[in-house]
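Biologist: I would like a close look at a single part of this protein, followed by enough of the rest to place it. Please take one helix and explain which way its residues face.

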Amino acid sequence: MIKMLSVRSALILLSFFVVSHRASACDHACNMAQQQQHAQQMNEYARQQQEQQRQDQQDRQQDFQGPPPPRQNWVTSYMSVTYHPDASDIWAVWDRRVSQEEADQSALGLCMQMMGNGCKVAAGGHGGTIAIARDNGGWLWWEWGDQLGDATRAVTNSCSKNGGICEVVKTVTANHWLEFENGRREDRAQSYSPNNTASLLNSYAMVAWPTAEGAKSMDATLRGKAWLVSGSKGYENTKKIVLDQCKEATHVACEIGRQVSNGYLVLFQTKIGETIWGNGLSQSDVDLQIEKYCRTEMKTDCTILARYDAATRRSITIDDHRPKKTYLAVAQTSKRAPNWDNLAVVTGFPTLAAAKAKAIEHCTKESGGACSLFDNADDEIKYGLLSLFIDQNGEVYNHRGWTNNDLEQREKSYCDTNKLTCRVLKVFELNKLSVSTLARGK
């Protein structure tokens, strides 16, 4: 399915790990300006050719007094690419000489012969190339370029900027040509249609869960669950089925979390307990993407919990795979004893009360003085990491997050905003049971 902002349509899609608006790097107005410039260049070239012919004619007449050569004109070549929301391929015509409207109607006619109603024009133009690419969710993208390389670079760049991984699957090029002014009108029209209808129809897999706002008021026992439908035909039909199932179970508003056509949805979990959905066109493709994402972006190991192919018919509820919530507590001496300028840090305890008691106990035992809680850590959301950092005045702060990059950005933002010089003391994994002493000065 074409999922790009084009002359006639704008659709919202999902990328590999984030929701994003699929927007063309160069919008319709930009594309039309590029094509107009291309046409002007061709016309100028034709003018120069005709001027050269006139000069050559004058020279020959002076030498031989022969008849003038026939005049030649550039023929503008039009192209059009069409698609159907429930199909995995495109239809296209190019090297059409009549008009853009004629090219659009011809391409739509090819699509309607196989798919019936619902066909739409994705892209068109006169001259240049349209490159079509497919991303890891199965969605099609397009971009226009003056040359073949321009179009392929544009479509891969547009896809990657919006979080997708794209492979160019087709290119359509419209070439202008010269023909004699009073000669035979040459027809160079070409077209493309998929081989058969059966292989065109997308099979979808979609997973839905409550919106962030809806999750606040839903039954706590349902938090962390998701609803999945696969092996279903028709994008809008599949979307409605899975959203209705989620809403019926939770009684709150739901949204599509991840989706794929003719591929796989995969649920995986990081070492610190965060669960993530990914998608890909093949099992090996999605496994490689997950490995790369975990190692380069999350900088952690991941475990694949389940794979769901889009072809198999299923309608299921996915249980909450997140680890049970654990608690932390940090204690310090009540009056900052000079002989024990440390922190007692406790993580991974099953209750907040147990974590607090253990932190006080450890601090009192190690310091030999009275201790108080530095942070009660009563989080509504279970994060995976805790970072303790200190400023130039010896004050200690904490931030929670899922990745080291996330923690670094939060710390930098806080310290820059408050004009502090900060350094990290230590990052703790919150689901790991530990009782430790952390020196402020190290």
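Modeller: What follows starts with the helix near the end of the chain, then turns to the whole chain and to a few single residues.

The model is predicted. The part chosen is helix α8, which runs over residues 404-417 and so has 14 residues. From its first C-alpha to its last, α8 reaches 20 Å, close to the 20 Å expected at 1.5 Å a residue.

Which residues of α8 are buried? They are Leu407, Glu411 and Cys415. These residues cover an arc of only 50° around the axis, and therefore they sit on the same side of α8. The other side of the helix has exposed residues, namely Gln409, Lys412 and Thr417. Buried here stands for a relative accessible area under 20%, and exposed for one over 50%.

What covers the buried residues of α8? The cover includes three strands: β22 (385-391), β23 (396-401) and β24 (422-429). Just after the helix comes lysine 419, which takes a positive phi of about 55°.

Now the whole chain. It has 8 helices and 25 strands. There are 442 residues, and 46% of them count as buried. The exposed surface of the chain is about 22200 Å², of which carbon and sulfur atoms supply 49%. Taking the contacts with a separation of 6 or more, 66% are between residues 24 or more positions apart.

The confidence of the prediction should be read alongside this. The mean pLDDT of the chain is 82, and 81% of the residues reach 70 or more. Over residues 1-26, however, pLDDT stays under 50. For that stretch the model has 98 contacts beyond four places in sequence.

Two buried residues outside α8 can be set beside those in the helix. Aspartate 104 belongs to helix α2, which spans residues 100-115. Its relative accessible area is 7%, so aspartate 104 is buried. The side chain of aspartate 104 makes a polar contact with the side chain of serine 80, at 2.8 Å.

Threonine 211 is in a loop, the one between β12 (203-210) and α4 (212-215). Its relative accessibility is 18%, and because the cut-off for buried is under 20%, threonine 211 counts as buried. Leaving aside residues up to four places away in sequence, threonine 211 touches Ala253, Cys254 and Glu255.

Two further loop residues bring back the positive phi mentioned for lysine 419. Histidine 251 lies in the loop between α5 (235-250) and β14 (254-261). Its phi is near 65°, a positive value in a residue other than glycine. Is histidine 251 buried or exposed? At 68% relative accessibility, histidine 251 counts as exposed.

Asparagine 262 is found in the loop between β14 and β15 (264-270). Asparagine 262 is not a glycine either, yet it has a positive phi of about 60°. With a relative accessible area of 36%, asparagine 262 is partly exposed.

To return to the helix: Leu407, Glu411 and Cys415 are the buried residues of α8, and β22, β23 and β24 are among what covers them. Gln409, Lys412 and Thr417 are exposed on the other side.

Key. Residues numbered from 1 in each chain as written. Predicted model: local features only at pLDDT ≥ 70, side-chain atom pairs only at ≥ 80, totals over all residues. Heavy atoms only, no water. Helix = DSSP H or I, 4+ residues; strand = E, 2+ residues; numbered from the N terminus. Buried < 20%, exposed > 50% of the residue type's maximum accessible area, 1.4 Å probe, protein only. Contact = heavy atoms within 4.5 Å. Areas by Shrake-Rupley, 256 points an atom, 1.4 Å probe, with all protein chains shown as cover. Expected span 1.5 Å × (residues − 1). Arc of directions from axis to C-beta. pLDDT = per-residue confidence, 0-100. Polar contact = N/O pair within 3.5 Å; in protein donor to acceptor, adjacent residues only side chain to side chain.
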